[in-house]
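Here is a short tour for anyone meeting this chain for the very first time. Have a look at the picture, then read on.

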Amino acid sequence: MPSILVSEENYDQLRPLIKKGLLAFNHPFLGEWRDQTFTIYAENEDADIVGGICGIYANDYMKIEWAWIDEKYRGQGLGRKIFQQLDAFASEKNCKYIDLETLEFQAKDFYEKLGFSLVATLPNWCGGYDAYIMRKFL
């Protein structure tokens, strides 16, 4: 039986190996899976990053991993403009939907206004807060 190890230092080395194994297993079901990272962001006049989205896409799937708008720029339409650019980018990449997760104190209402729908709730996910898994069909 192989040894079981825990590491907090080797993530960058081990992640590609584990991912490669899973992709090989998934191949008969999903075909070639080549995920690509992307960033859509906003800069102010001083070239400071004041908001943006980081995510991945592959095949017809897109997932937002991180989304943030600096507090000074919230409520001014910047988030909506960034998400409009996301929709255009996702369509350009032939994605059929976009997934994201948000915690109950974050931006669920904002995402719903942008066309995202609640798919699932994870109660007490982190720090006692519920997490919402949301999806938008394009």
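## The surface and the overall build

Let's start from the outside: the chain exposes about 10,100 Å², and carbon and sulfur atoms supply 53% of that. Keep in mind that what you are looking at is a predicted model. Along its principal axes, the C-alpha trace spans about 55 × 35 × 35 Å. Of the 138 residues in the chain, 29% are buried.

As for the parts list, there are three helices and six strands. Walk along from the N terminus and you meet them in the order α-β-β-β-α-β-α-β-β. If you take the contacts between residues at least 6 apart in sequence, 48% of them join residues at least 24 apart. The chain also carries 15 positive and 21 negative charges, and the mean positions of the two groups are 7 Å apart.

## One sheet, six strands

The six strands make an open sheet in the order β1-β2-β3-β4-β6-β5, with mixed pairing. β1 (36-43) and β5 (117-126) sit at the edges with a single partner strand each, so one side of each has no neighbour in the sheet. From one strand to the next, the twist averages 20°. Helix α2 (residues 78-92) packs on this sheet, where it touches β1, β2 (49-58), β3 (61-69), β4 (97-103) and β6. The direction of α2 makes about 165° with that of β3.

What holds neighbouring strands together? Strands of a sheet pair through backbone hydrogen bonds, and they can do so in parallel or antiparallel fashion.

## Walking across the pairs

Take β2 and β3: they pair in the antiparallel sense over eight bridges. Tyr 57 has Met 62 in β3 as its bridge partner. The two strands form a hairpin with two residues between them, and here Asn 59 takes a positive phi near 50°. On we go to β3 and β4, which pair in the parallel sense over three bridges. The bridge partner of Tyr 61 in β4 is Tyr 97.

β4 and β6 run antiparallel and are joined by seven bridges. Glu 101 stands opposite Ile 133 in β6. Ile 133 in β6 also has Ala 120 standing opposite. That brings us to β5 and β6 (residues 129-137), an antiparallel pair with six bridges. This pair is a hairpin too, with two residues between the strands, and Gly 127 in the turn has a positive phi of about 65°.

## Two residues worth a closer look

Is Lys 108 buried or exposed? This lysine lies in helix α3 (residues 108-113). The cut-off for buried is under 20% relative accessible area, so at 19% relative accessibility Lys 108 counts as buried. Leaving aside residues up to four places away in sequence, Lys 108 touches Thr 102, Leu 118, Tyr 132 and Met 134.

Trp 33 has its place in the loop between α1 (11-30) and β1. With 23% relative accessibility, Trp 33 counts as partly exposed. Again leaving aside residues up to four places away in sequence, Trp 33 touches Leu 23, Ala 58, Asn 59 and Tyr 61. Gln 76 is another story: it lies 43 residues from Trp 33 along the chain, and their C-alpha atoms are separated by 38 Å.

## Two asparagines with positive phi

Where is Asn 94 found? Asn 94 is in the loop between α2 and β4. This residue has a positive phi of about 60° although it is not a glycine. Asn 94 is exposed, with a relative accessible area of 59%.

Asn 124, for its part, is found in strand β5. Its phi is positive at about 50°, although Asn 124 is not a glycine. At 57% relative accessibility, Asn 124 counts as exposed.

Key: Residues numbered from 1 in each chain as written. Predicted model: local features only at pLDDT ≥ 70, side-chain atom pairs only at ≥ 80, totals over all residues. Heavy atoms only, no water. Helix = DSSP H or I, 4+ residues; strand = E, 2+ residues; numbered from the N terminus. Buried < 20%, exposed > 50% of the residue type's maximum accessible area, 1.4 Å probe, protein only. Contact = heavy atoms within 4.5 Å. Areas by Shrake-Rupley, 256 points an atom, 1.4 Å probe, with all protein chains shown as cover. Lys, Arg positive; Asp, Glu negative; His and termini not counted. Charge placed at Lys NZ, Arg CZ, Asp CG, Glu CD. Pairing = 2+ DSSP bridges. Axes fitted to C-alpha atoms, helices over the stretch in contact; angles between N-to-C directions.
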